[in-house]
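Ready for a few exercises at the screen? Each one sets a task and then walks through a solution, so try your own answer before reading on.

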Amino acid sequence: MKAAIKKTYQWFDQRYEFTPLLEKNVTRKKVPCHLTWPACFGGLSLFCFLVQMFTGALLMMYYKPQPDQAFDSVMFIKSNVQMGWLVQRIHVVSANVMILLVFMHMYRVAYRKIFRSPRELHWVSGIVLLLLTLCMAFTGYLLPWTQLSYWGAKVGTEIPSAVPFIGSAIVEWVRRGHSISGDTLGFFYALHVAILPGIVILFMAMHFIMIRRTGISEPL
Amino acid sequence: MIDPQSNDNSGRRIFFRNCLACMGMVGSGMVAAPLASFLQRPNRLEADSTIRIPIADIKEDEAIYRDYMGAQIVILINQGKPLVLNAACTHLGCLVRWEHSSRSFICPCHGAIFDQGGKVVKGPTNQPLEIIPAEVKEGVLIIG
């Protein structure tokens with residue numbers, strides 16, 4: 001059994017050559033010895049994002065983004081789908097933990113001045129990722145279509161009205177109308193499950209590739 | 001027996017590796033078990049599969065289509081009495097459409113025609129539409 005697995009692995013490895021790649025980047029990757037646990041905040045944020053992708057895909061099987069069905073479909077997930085309550089709870093809790101970790105990651109980077117040259121773009125892409133994370137949380141908050149999420153979305157979409165001249169136009173654009181409606185729900189759903197995750201993955205790729213380019217910061 | 005004075009920690013290394021493997025297996029089990037049960041078919045609450053329709057609600061000139069035990073059934077008044085038929089054409093199972101002007105059922109797939117009692121008027125099939133047993137109690141049609 002063990003030999004058969006090894007043989008199969010080697011057959012693929014001879015063709016794809018992932019062992020040297022794996023050794024270089026994971027198993028034999030050298031990291032600075034001064035790194036401590038707070039250096040994990042970024043990686044843990046990524047882990048939370050992966051949990052969100054996974055549980056989110058499961059929730060999408062039953063969630064219906066129509067105003068007359070959204071609430072009932074979430075209740076259906078929570079009470080009728082086996083372990084649905086767990087998947088839904090993990091999605092909610094992990095979203096909150098992700099925001100916390102993203103902020104802790106940012107505080108550490110700011111406190112240790114890791115953002116200085118040549119790592120300015122890590123900071124810039126990181127801030128974009130922070131804002132995208134908050135947008136994901138905000139759009140996801142509306143989806144259960146409860147009183148809390150409705151009024152949360154109402155207050156949240158009110159914020160751009162402070163922009164001079166075009167404020168109210170932005171509000172109406174975000175709400176897809178004068179007030180929160182089924183169109184808002186559909187728009188937020190599309191943003192939450194497709195558009196924002198796509199942009200997040202793009203910026204994450206930039207963020208990670210740049211870190212590999214510059215290496216992990218050494219303290220002065 | 002491992003000599004406590006020796007620098008060889010391969011035994012310790014193997015022990016920790018096995019501990020890690022056990023934790024990994026327990027951990028993946030804790031993810032896999034809820035996932036497996038989540039992926040079961042959900043139990044939609046089908047409270048009562050019987051269909052009850054007051055006779056007065058069935059109009060002479062229309063046919064009512066309903067879901068019943070995973071099939072589409074059609075309810076109509078035929079010669080003053082309610083009749084329940086399986087709406088699947090007996091040729092290849094397409095759903096037959098009620099045509100009020102000719103009081104007949106027409107299959108959209110291959111043009112089979114059934115009369116209001118479900119009997120074949122025109123092929124390709126020679127089997128009449130299946131009649132679903134139903135009874136009338138106190139002015140209410142009960143199916144199932």
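A residue is called buried when its relative accessible area is under 20%, and exposed when that area is over 50%. Keep in mind that this is a predicted model.

**Exercise 1. Decide whether Arg175(A) is buried or exposed, and find what its side chain contacts.**

Step 1. Locate the residue: Arg175(A) sits in helix 8 of chain A.

Step 2. Apply the cut-off. The relative accessible area of Arg175(A) is 4%, and buried means under 20%, so Arg175(A) is buried.

Step 3. Look for polar partners. The side chain of Arg175(A) has a polar contact of 2.8 Å with the side chain of Thr157(A). The side chain of Glu158(A) makes a polar contact with that of Arg175(A) too, at 3.0 Å.

Step 4. Widen the search to contacts of any kind, setting aside neighbours within four places in sequence. Arg175(A) then touches Lys154(A), Thr157(A), Glu158(A), Ile180(A) and Thr184(A).

**Exercise 2. Describe the largest nonpolar core and say which helix gives the largest share of it.**

Step 1. Start with a general expectation: in soluble globular proteins, nonpolar side chains tend to be buried together.

Step 2. Find the centre of the network. The largest nonpolar core has 36 residues, and Tyr63(A), Leu142(A) and Leu185(A) have the most contacts inside it.

Step 3. Assign the contributors. In chain A, helix 3 (41–60), helix 4 (70–79), helix 5 (84–111), helix 6 (120–142) and helix 9 (182–214) each provide at least two residues of this core. Helix 9 of chain A gives the largest share, nine residues.

Step 4. Zoom in on one hub. Not counting residues up to four places away in sequence, Leu142(A) touches Ser149(A), Tyr150(A), Ala153(A), Ile180(A), Thr184(A), Leu185(A) and Phe188(A).

Step 5. Check for a separate core. Another one, of 15 residues, lies apart from it and includes Leu83(B), Cys94(B), Val96(B) and Leu129(B).

**Exercise 3. Work out what covers the buried residues of helix 5 of chain A.**

Step 1. Check the span. Helix 5 of chain A has 28 residues and reaches 40 Å from its first C-alpha to its last, close to the 40 Å expected at 1.5 Å a residue.

Step 2. Pick out the buried positions in helix 5 of chain A; among them are Gly84(A), Val87(A), Gln88(A), His91(A), Ser94(A), Met98(A) and Arg108(A).

Step 3. List the cover. For the buried residues of helix 5 of chain A, it includes helix 3, helix 4, helix 6 and helix 9 of chain A, together with helix 1 of chain B.

Step 4. Now view the packing from chain B. Helix 1 (residues 10–38) of chain B has 29 residues and reaches 42 Å, close to the 42 Å expected. Its buried residues are Pro34(B), Ser37(B) and Phe38(B), and they pack against helix 3 and helix 5 of chain A.

**Exercise 4. Find where the backbone of chain A has a cis peptide bond or a positive phi.**

Step 1. Recall the usual case: most residues other than glycine have a negative phi, and most peptide bonds are trans.

Step 2. Go to the loop between helix 5 and helix 6 of chain A, where Pro118(A) lies. The peptide bond from Ser117(A) to Pro118(A) is cis, with omega near 5°.

Step 3. Turn to phi. Glu17(A), in the loop between helix 1 (2–16) and helix 2 (18–27) of chain A, has a phi near 55°. Phe165(A), in the loop between helix 7 (147–158) and helix 8 (167–175) of chain A, has a phi of about 65°. Lys113(A), just after helix 5 of chain A, has a positive phi of about 55°.

Step 4. Add accessibility. Exposed means over 50%, so Glu17(A) is exposed at 54%. Phe165(A) is exposed as well, at 87%.

**Exercise 5. Which residues are closest to the centre of the largest pocket, and which helix gives the largest share of its lining?**

Step 1. Note the volume of the largest pocket, about 1,300 Å³.

Step 2. Look at the centre. Of the 44 lining residues, the closest to it are Ala39(A), His105(A), Arg108(A), His207(A) and Ile211(A).

Step 3. Sort the lining by helix. Helix 2, helix 3, helix 5, helix 6 and helix 9 of chain A each supply at least two residues, and the largest share, seven residues, comes from helix 6 of chain A.

Methods:
Residues are numbered from 1 along each chain as its sequence is written. Chains are lettered from A and ligands numbered from 1 in the order in which they are written. This is a predicted model: local features need pLDDT of at least 70, side-chain atom pairs count only at pLDDT 80 or more; totals for chains, interfaces and linings use all residues. Side-chain values use heavy atoms; hydrogens and water are left out. A nonpolar core is a set of buried Ala, Val, Leu, Ile, Met, Phe, Trp, Tyr and Cys residues joined through side-chain atoms within 4.5 Å. Buried means under 20% relative accessible area, exposed over 50%, partly exposed in between (1.4 Å probe, protein chains only). Helices (H or I, at least four residues) and strands (E, at least two) are DSSP runs, numbered from the N terminus. Contact means heavy atoms within 4.5 Å. The expected span of a helix is 1.5 Å times one less than its number of residues. A polar contact is a pair of N or O atoms within 3.5 Å; within protein, one must be able to donate a hydrogen and the other to accept it, and residues adjacent in sequence count only if both atoms are side-chain atoms. On a 1 Å grid over the protein atoms alone, a cavity is a set of points where a 1.4 Å probe fits but cannot get out, and a pocket is an open set with protein on both sides within 12 Å along at least five of seven lines; lining residues have an atom within 4 Å of a point. Grid points are joined across faces, edges and corners, and a volume is the space filled by probe spheres set on the points.
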